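Please walk through this structure, starting from the ligand and ending with the arrangement of the chain.

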Amino acid sequence: MDRLCVRPEVEAFRPYVPGRSIEEIQDQYGLSQVIKMASNENPLGTSPVVQERLRRAAPLAFRYAQAGTPRLSAAIARHVGVDPAMVVAGNGSDEIIDLLIRVVPRPGEDHVLAFRPCFSIYETQSRFAGIPLRQVPLPESLDFDLDALAAAATEHTALVFLTNPDNPSGHAVPAAAVLDLLARLPRRTLLVVDEAYVDFADPMEHYTVLAQVAAHPRLVVLRTFSKMYGLAGLRLGFGVMAPELADLLLRVKLPFSVNVLAEQAGLAALEDEIFVEETRRVVLEGRAYLFEELSRLGCSPRPSQANFLMFCPPKPADEVFHALLGRGIIIRPLASYGMPQWLRVSVGTAAENRLLIRHLEEVLA
Ligand SMILES: Cc1ncc(COP(=O)(O)O)c(C=O)c1O
């Protein structure tokens, strides 16, 4: 058969490797009860207020959403205290990352810059757009070397991605350090601060730079509804940026990438302050508990400002990962991040966290 005529670089792509699903593990191990602590989802599930709004919005599924979802952007803008013209809502923050990579760097001239390891979507979407990704290796501590990042930026660095707090380490730097980095970047470079996990930083105000975007046209902040707001499956995220840049993104974004149900869910989620407060309490308490227990078990957890913890078990990580799978607990191996000896666990409910620790203790015994 003739070979397909496609861009040869696309043939080199491998499919995204997601966390293993509950159904898959139930079938593979014949288990009825499986818990998933692998994808940094909300341990409390979907807010009841959002569920009710979704039930009421279900009859709207035949309609196209309003292009660019201006009502949602206005509600987000009110919520975070910026001008609505600075907000672009997308099909997850993944979509905003993709749009920035396709809108800002000039193919053949520019590149984007990030640490290594970094969130895989920066890599895949850069490659897909034909834009080189340059990476500054993180030191063994996984703390950010912002001097090295600033030194690596040139006049052809169109975007710098900084994940704060970082995934998978949970490490975070204060807002002042991020602004200092911005001040040291070349004049045309945009700093994109991916704050997917900043809702769990303690205190959040110490770390977020969202309030600074209005004063800094070269600063972009990304947020998501997938974690704190429990809407990972509906796909909703947003970017806050200079109005001129937001306008350009909205011109090329597929018009209905945020669907009517995601829009309604987002509006309801912003109103449900009780769910957000409860999520924050459960995650911060669970994170402290897991940190203490993982330390007790000799697993060297990294201090984390996110809703997950990275740890290095005293037995081979792959063996521990599979032993936990067999006991119905899915966590995340970090081999795909180039760290085969490390594992990452999302903070669960108090009961899930206790169960994980009980099983881990047996596996390590
Ligand atoms: C650092 C980081 N940025 C962005 C995202 C994407 O979030 P969304 O679900 O909004 O596309 C994730 C999801 O895991 C993430 O870890």
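A polar contact is a pair of N or O atoms within 3.5 Å; within protein, one must be able to donate a hydrogen and the other to accept it, and residues adjacent in sequence count only if both atoms are side-chain atoms. This is a predicted model, in which local features need pLDDT of at least 70, side-chain atom pairs count only at pLDDT 80 or more, and totals for chains, interfaces and linings use all residues. Residues are numbered from 1 along each chain as its sequence is written, and side-chain values use heavy atoms, with hydrogens and water left out.

Three contacts tie the protein to the ligand in the polar sense. A backbone N or O atom of Asp-94 is 3.0 Å from a ligand oxygen. The side chain of Asp-194 places a polar atom 2.6 Å from a ligand nitrogen, and an N or O atom in the Arg-235 side chain lies 2.7 Å from a ligand oxygen. The protein buries 92% of the 390 Å² that the ligand exposes when taken alone (Shrake-Rupley method, 1.4 Å probe).

The chain is assigned two domains, domain 1 (8–46 + 274–364) and domain 2 (48–272), with bounds from an automatic or database domain assignment. Their C-alpha centres are 24 Å apart. Across the boundary, 30 residues of domain 1 are in contact (heavy atoms within 4.5 Å) with 35 residues of domain 2.
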